Amino acid sequence: MGYRKNLRIVCGNLKDKGSLIKTVLSSKPHKSAVRCVILRATTHGSSSPPSNHRIAAVISLGLESKTEACSCIQALMDRLHSTSNALVALKCLYTIHNIIGKGFFILKDQLSMYQYFGGRNFLKLLTFRDDLDPETREMSKWVRWYAAILEQNLLVSKVLGCHLYSKRAKNVIGKEKDNFSSSLNSDLLNDIDALVEFACQVGDLPDSLHLQRKSLVYEIVRSVGEDYRLVQREIGTRVAELEARMMSLSSSEWTRFLNSLTKFEDCKEGISLLFRNRNRNDELWDLVKETKAKLVAVMKDRGNDGKRTLVVRFLQRTSRAS
């Protein structure tokens with residue numbers, strides 16, 4: 001098995017060099033330069049994440065023009081969808097993640113176009129599988145997990161109206177009441193649904209946690225942890241706002257709010273396993289627990305009030321009839 005893996009690494013390195021030579025000799029020098037940057041960031045050989053300067057080179061492609069940004073995303077997607085190598089796929093996804101977090105607007109905009117036309121699973125990796133050996137099959141699970149998280153990351157940005165890393169999102173801190181005072185209950189519930197779904201994707205992790213010893217997987221988990229920390233913040237501010245509005249919620253809004261909080265609590269165990277008590281945020285979990293208890297109590301009180309109203313109406317009809 002070790003021989004097959006070593007042979008694959010050698011063949012992968014040769015393939016990368018061949019692709020670079022072919023790209024350099026292309027009749028379209030502008031596109032070939034962009035593809036060279038993508039190829040160097042997503043090589044076959046190493047199990048380490050792309051270096052900072054390789055990622056910076058990719059991100060800088062969004063500086064010059066929309067055409068260059070479009071070529072960058074197109075080359076990255078071509079690389080992702082043409083590989084059956086789990087390491088290459090993870091490097092492509094890690095590069096996409098860095099574009100989402102650090103890239104210029106024009107790059108993010110081009111990436112969003114794929115989401116717009118491709119739908120929820122626009123990365124199209126639901127069936128990805130690298131069958132070289134048992135380890136690559138386990139790595140394939142990380143590919144599918146990571147792709148689902150990135151897809152949900154962009155969906156969250158679409159629902160919130162801004163990227164998690166944007167200045168607008170960061171400026172919400174300390175201004176929650178002012179920021180949400182004009183928001184409808186339904187808007188806040190839509191936000192919470194999308195944010196909780198992100199947390200659920202994080203908690204639905206592969207069972208091969210030992211693969212975090214690989215620097216690429218370790219760095220991916222660290223990056224996802226940063227996103228999850230921001231998602232926790234966004235969930236907390238919205239839960240606090242809806243808790244303050246609890247008495248104005250309709251029955252359907254109570255039920256939806258309670259279901260979202262329950263769903264969030266259900267993914268706590270998986271998240272704890274992944275981050276090993278990092279990003280615990282006990283205050284958020286306490287807020288969720290307390291809010292659920294208040295929701296249940298209010299629903300019971302309103303249920304009892306409804307029953308009492310029915311009894312009074314029945315007695316009134318009975319007395320009139322007599």
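Trainee: How many salt bridges does a search of the whole structure find?

Mentor: This is a predicted model, in which local features need pLDDT of at least 70 and side-chain atom pairs count only at pLDDT 80 or more, whereas totals for chains, interfaces and linings use all residues. Side-chain values use heavy atoms, with hydrogens and water left out, and residues are numbered from 1 along each chain as its sequence is written. A salt bridge requires a side-chain nitrogen of Lys or Arg within 4 Å of a carboxyl oxygen of Asp or Glu. The search of the whole structure gives a total of 17.

Trainee: Which residue forms a salt bridge with arginine 238?

Mentor: In this salt bridge of arginine 238 with aspartate 191, the closest N and O atoms are 2.9 Å apart. The pair links distant parts of the chain, 47 residues apart, with arginine 238 in helix 11 (residues 215-244) and its partner in helix 10 (residues 185-203). Helices here are DSSP runs of H or I with at least four residues, strands are runs of E with at least two, and both are numbered from the N terminus. Arginine 238 is buried, and so is its partner, aspartate 191.

Trainee: Is glutamate 219, which meets arginine 222 in a salt bridge, buried or exposed?

Mentor: The N to O distance between the side chains of glutamate 219 and arginine 222 is 2.5 Å, and both residues lie in helix 11, three residues apart, about one turn of the helix. An α-helix has 3.6 residues a turn, so residues three or four places apart point the same way. Arginine 222 has 36% relative accessibility and therefore counts as partly exposed, since the classes are buried under 20% relative accessible area, exposed over 50% and partly exposed in between (1.4 Å probe, protein chains only). Glutamate 219 has a relative accessible area of 16% and is therefore buried.

Trainee: How does aspartate 131 count by relative accessibility, given its salt bridge with arginine 129?

Mentor: Arginine 129 and aspartate 131 bring their closest N and O atoms to 2.7 Å apart. Arginine 129 has 49% relative accessibility, so this residue counts as partly exposed. Because its relative accessibility is 44%, aspartate 131 counts as partly exposed.

Trainee: How many disulfides does the structure hold?

Mentor: A disulfide is a covalent bond between the sulfur atoms of two cysteines; the criterion is a pair of cysteine sulfur atoms within 2.5 Å. Cysteine 36 counts as buried because its relative accessibility is 6%. Cysteine 267 is in no disulfide, as the nearest cysteine sulfur, that of cysteine 200, is 4.2 Å away. The number of disulfides in the structure is zero.

Trainee: Which residues have the most contacts inside the largest nonpolar core?

Mentor: A nonpolar core is a set of buried Ala, Val, Leu, Ile, Met, Phe, Trp, Tyr and Cys residues joined through side-chain atoms within 4.5 Å. Leaving aside neighbours within four places in sequence, leucine 93 is in contact (heavy atoms within 4.5 Å) with Leu80, Leu123, Leu125, Val143, Tyr146, Ala147 and Leu150. The largest core has 86 residues, and those with the most contacts inside it are Leu93, Ile96 and Phe264.

Trainee: How far apart in space are valine 221 and leucine 274, C-alpha to C-alpha?

Mentor: Valine 221 is found in helix 11 and counts as buried because its relative accessibility is 1%. Beyond its neighbours within four places in sequence, valine 221 is in contact with Trp142, Gln212, Leu274, Phe275 and Arg278. Valine 221 and leucine 274 are 53 residues apart in sequence, while their C-alpha separation in space is 7.9 Å.

Trainee: What does helix 7 reach from its first C-alpha to its last?

Mentor: At the start of helix 7, a side-chain oxygen of aspartate 133 reaches to within 3.0 Å of the backbone nitrogen of glutamate 135, and just after the helix, glycine 161 takes a positive phi of about 85°. The expected span is 1.5 Å times one less than the number of residues, which for the 27 residues of helix 7 (residues 134-160) is 39 Å. The reach of helix 7, close to that expectation, is 40 Å.

Trainee: What is the phi of lysine 124?

Mentor: Lysine 124 lies in the loop between helix 6 (105-118) and helix 7. With 56% relative accessibility, lysine 124 counts as exposed. Its phi is positive, in a residue other than glycine, and is near 55°.

Trainee: What percentage of the residues of the chain count as buried?

Mentor: The chain has 14 helices and zero strands. Among contacts between residues at least 6 apart in sequence, 79% join residues at least 24 apart. Of the 322 residues of the chain, the share that counts as buried is 47%.

Terms used. Polar contact = N/O pair within 3.5 Å; in protein donor to acceptor, adjacent residues only side chain to side chain.
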